[in-house]
Amino acid sequence: MLKSNTYTIPAKQLVTEFGSDAEKGLTAIEALNRLKKFGRNIIQSNKGKRPLKIFLAQFNNLMVYLLLFAAAMSFWFQEYLDATAILIVILINAMIGFWMELQAERSMNALKKMASVPAKVFRGGKLSEIPSEEVVPGDLLFVEAGDMITADAKIISATQLSVNEASLTGEAMPVEKNAGELTDDIPLAERTNMLHKGTFVTNGNANAMVVATGMQTELGKIAHLVQGAEQSATPLEKKLQVFSRKLIYITGALVLLIFIVGMFTHGDYVELLETAIALAVAAIPEGLPIVATLALAQGMMKMAKYKVIVKKLSAVETLGGTTVICTDKTGTLTQNKIEVTDFIPADETSEKNKQILQYIAVLCNTASIQVSGNDITEIGDPLETGLLKYSHKNGSNIVQLRQQFPKINEVPFSSETKMMATLHNSQKDFVVYAKGAAEEIIKQCSHILSGSEIQILNEEAKKQWKEKSEHLAASGLRVIAGAYKVTSSQNVSLTSGLVFAGLYGMMDPPADDVFDAINECKEAGIKVIMITGDHPATANYIANQLHISENNQAVIGKNMKSFKELSEQEKQLWVNTSVFARVTPAHKLDLVTVLQDKGNIVGMTGDGVNDAPALKKADIGIAMGMRGTQVAQEVADMVLKDDKFSSIVHAIKQGRVIFSNIQEFVIYLLSCNMSELFVVSLAALTNLHFQLVPLQILFINLVTDVLPALALGVSKGSPFVMKHKPRNPAEPLLKTNQWYAVWLYAAIISVCTLGAVFFSHFVLHTGERFDPKLCNNILFFTLIFCQLFHVFNMASAKTSFFKSEVFRNRYVWYALLFSVLVLLAILFIAPAKEALYIQPLKTSDWLLVIASAVLSLVVIQILKRTNIIHDDD
C-alpha cells in the first residue's frame, strides 16, 4: 500500500488505492486493523535506554574500576573474604543505581506522553481528536493554522494553505500548498500537494489523506541522523562533572602526600596501597549524578500534578533563576470568561442599528455555543463565545441567522490587522460584517449608520468614537467595534470602506488566585510584565488593579522599534516598563531580546503560531495548553494545562525547591565523603593503627549516602524559598560560602569521630591493652551515626529544628530507619561481621558512639544558627 511517489497520483485514485473515503475517512475497525499492520506512528529517534543497558552502565565508571582494582588486589593478597565482599558491594551499588535511573527514565517517558501532540482525523465521517501515534495510512487528516502535521499526507482539499517546512527542508519561509497534481522527479521542497510529518501549518486549513506514518515518512527516512547524535549534558550534569574533577584532584594530592610521608615513616607499600584505595573510595560520592537526575525527574512529575508539563530537564534548572515573567493578559491573568457589559450602537435610538450590531456579533464569528436549558457549552475563542451568549440572551437565533446569511468568504483575525471580516450571501446582495480593535475598525470606516441612513464618518466623529472607546477601556473593559457594508459583488475588499455600527464593551475579570501569585513574585524578586493586544487604557487599568504597575504607562506596539533600531535609553525604558499593549508577536521577540540583553532570565508565555520565535528565544518558553496551538506547545520548554498565571509561579517555586534540594544533598554527600577523606588521611599521616579499610568505607557510603540523599531530593523545600532573589544559572552549583560549610561540616564530623576513639581509649578503656579492632569499630560506628544525624543539618536555620522541612520529611525518617536496620543486621550476620571486622561493643561504647554523633549535630546547629556557618543559597 505504501508508495514513494504518491505526490504524482491523482487524489481520487489515491483514495481508492488506500481503501479510504475522501469525506468520511476510515472506519474505527479498519483503523485498528491498520494500526496492527503498520505499527504506531512514531519516529525511532530516541528509543530510550533499555533496562539491560541501564544496568550495564552502572559498571562503567571510575568508582567501579577502583573497586574492581581493590578486589583484584585482595585476591592477590589472598584476602578472599574482602574480595568477595567488595564484589557484592559493587553489585548492590549497581542495583541501587539501576533502580533509580530506571525510575528517572520512566518518569521522563510519562512526561513525554503527557506532552504528546494530538491529531484530528475523520473516522466514520466524524471529526475526532486522537493521539498522533494512532494515525494510520488511509486516515483523512484535518489540519489548520497552528497544527503540527503528524504524518505524510496527500492534500485532498485546501483553503489558503501555507506550511512551514523548515524542520525538513531548511526553507525558513512558509510554502503555499494546494491539491494540484505534480509530475514525477520533483524535489521534496517543491512537492506542493504533500504535507510532511514534523512540519506545521502557518495559515489556512486542509483535508489530506495519510500516505505514510512513522519511519516510512520523509522525516523517518532521515531519522538515523538524529539517532547518531549524542544528547548533550544538561547544565547541572556539567556542574556535577566539574565536582568530580575537583574531588579527583583533591584525592590525588592527598594520596601523593600520604605516599611520601609513608615512605619516610614505615615504608609498608601494601598498606599504603590499601590506604590509597580507601581514599579513592571515600572521596567519590558515586550516587550523586543518579540521585540528581532522579530528583529532577521526580520534581517534573510533581509539577505535572499541578498542570505544568516541563519538557526538558535543563528547564527545571533555569526556572529557579527566572527574573522576569512576560505574560499574556487574557486567560492567564484573567478568568477568560468574557461577558458583554456595554452594547453601544452608533445610533442608540435606532432598532435597525441594534439589529446590525447583533448580526455582526453572530455572523462575524467562528465560535459556537450549545444551549441545554440553563447550561451553555462554549466552543471557540472566549471573546467570540461571549458575543454569542449576549446575542442569545437578547433573543437572537444563532443557527437560523447563520442559515439565512451563509458565509462565503472570510479574512481571519490576525495580530497584525487586529480585525476580522466575513462575506455573506443576503438574497439579492452580499453583506460584509467586520469586528476588531476599535481604533482599527474606525480607521477602516468611511461612513456611519445613523437611524436608517448611512452618513459620512468625518475625522471629528472618528475622534469622538475613539475617545468613547478609550473611556470604556480606562474603566477596565475590553472594547471592540463592529462595522458592515452592503455590496452587489463578492469580489470586494472586506476590510475597507466600511460602515461603523457601534462598540461592544466586554469584561474579563482577573483570576481569583492571580493577586497572591503576583505578590509572591514580588517577594521572590521576579518582575511581572503584562503583554496584551488590548487597548492601552484597558491594559493600564488591569495592571493597576493587579498591582503589576501602579505608576508607569503602557508602551504601545505601534511605538515599538525593532531591537537593532533601539537606543540604550529606549532599551532601558522597556526594561523599566511593566505593561505593553497592542503588541504583535514580533514585538514579543524584540522584548525578550532586550530583557536578555540586560542580563535577565526571561519566561515568556505564548499561544499562537507567530509566538513560536519568542517562545524559542526566551530562557523559559511557556505555552498555553488549553488555547495554545500545537506549534507553540512544540517549541516551548513547558506547557500550562490550565493556562493559569499561578501555575507559572508554582512551577518557578518548584524549580527553586528542586534546585535547593539538589544543593542540600550535594552538600550532604560531599561533607560526608569529605569527613571520610579527612579521617582516612589523618589516620594515615599520623600512623594510627585503627585505620578504616576500603570495605568499611564502602559500607558506610552504602548506608549513609544514597537513601538519605534521595530523601533530601524529594523534600517539600524551605518555606523561605520564594523570599529571596532569583539565582543566577551561570553560578556554580555551590557558592563559596557553601564550600566553606562543606569543609567545616566534614571537619566537625571528623573531630567528633576521632575524638570518640581517643575518649574510648584514654577514658572508657584506660589502663587496658590497646585494642586496634575496638578503636576501629568505635571509629566505624561513630562515623556512620554522625553522617546519619548530619542529614538534619541540611534544613534551613531560619526555621525551628523540629518544624524544619527536613525534620518533617517522612522520607528522611524512612531512610534513617532502613539504614539503622541494615546496621543492626550486620551485628547478627557472622560473614558480614567478619568482613567488616566487627566485634561486640559494651553499652558504654554504644553510648559514646551516639553521644559523639549528637555532639556533632549540636555543634553544627549552633554554628548555623549563629551564622558562623551559612549554607543557604
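Start with strand S10, residues 339-345, and strand S19: six bridges join the two, and they run antiparallel. Keep in mind throughout that this is a predicted model.

**Stop 1: strand S19 and its partners**

Select residues 498-507 to pick out S19. Add S10 and look for glutamate 339, which stands opposite methionine 507 in S19.

Next, select residues 478-487, strand S18. S18 pairs with S19 through seven bridges, in the antiparallel sense. Zoom in on glycine 482 here; its bridge partner in S19 is glycine 502.

Now select residues 445-450, strand S16. Three bridges link S16 with S19, and this pairing is parallel. Find histidine 447, with valine 499 of S19 opposite.

How many of the ten residues of S19 are buried? Nine are, so the strand is largely enclosed by the rest of the structure.

**Stop 2: helices H13 and H14**

Select residues 351-363 for H13 and residues 382-393 for H14. Their axes lie 8 Å apart and make an angle of about 135°. That value is neither over 145 nor within 65 to 115 degrees, so H13 and H14 are oblique to each other. Their crossing is left-handed.

Show the side chains at the contact. H13 brings Gln358, Ala361 and Val362, while H14 brings Leu387, Leu388, Tyr390 and Ser391. By type, the contact residues of H13 and H14 are five nonpolar, two polar and no charged.

**Stop 3: helix H25**

Move to residues 694-704, helix H25. Is this helix enclosed or open? Eleven of its eleven residues are buried, so H25 is largely enclosed by the rest of the structure. Colour the buried residues to see them: Pro694, Leu695, Gln696, Ile697, Leu698, Phe699, Ile700, Asn701, Leu702, Val703 and Thr704.

**Stop 4: helix H31 and its surroundings**

Select residues 843-865, helix H31, and centre on serine 856 within that helix. Is serine 856 buried or exposed? Serine 856 is buried, because its relative accessible area is 2% and the cut-off for buried is under 20%. Which residues does serine 856 touch, leaving aside those up to four places away in sequence? Ile748, Cys752 and Cys786.

Step back to tyrosine 837, in the loop between helix H30 (830-835) and H31. Check its backbone: tyrosine 837 has a positive phi of about 60°, although it is not a glycine. With 30% relative accessibility, tyrosine 837 counts as partly exposed.

Then go past the helix to asparagine 867, in the segment after H31. Asparagine 867 is not a glycine either, yet its phi is positive, at about 65°. Its relative accessible area is 59%, so asparagine 867 is exposed.

**Stop 5: threonine 84 in helix H5**

Finish at helix H5, residues 80-114, where threonine 84 is found. Threonine 84 is partly exposed, with a relative accessible area of 38%. Select alanine 71 as well and draw a line between the two C-alpha atoms. What separation should the line from threonine 84 to alanine 71 show? The answer is 7.4 Å, for residues that are 13 apart along the chain.

Methods:
Residues numbered from 1 in each chain as written. Predicted model: local features only at pLDDT ≥ 70, side-chain atom pairs only at ≥ 80, totals over all residues. Heavy atoms only, no water. Helix = DSSP H or I, 4+ residues; strand = E, 2+ residues; numbered from the N terminus. Buried < 20%, exposed > 50% of the residue type's maximum accessible area, 1.4 Å probe, protein only. Contact = heavy atoms within 4.5 Å. Pairing = 2+ DSSP bridges. Axes fitted to C-alpha atoms, helices over the stretch in contact; angles between N-to-C directions. Parallel < 35°, antiparallel > 145°, perpendicular 65-115°, else oblique. Left-handed = near helix turned anticlockwise from the far one by under 90°. Nonpolar A, V, L, I, M, F, W, Y, C, P; charged D, E, K, R; others polar.
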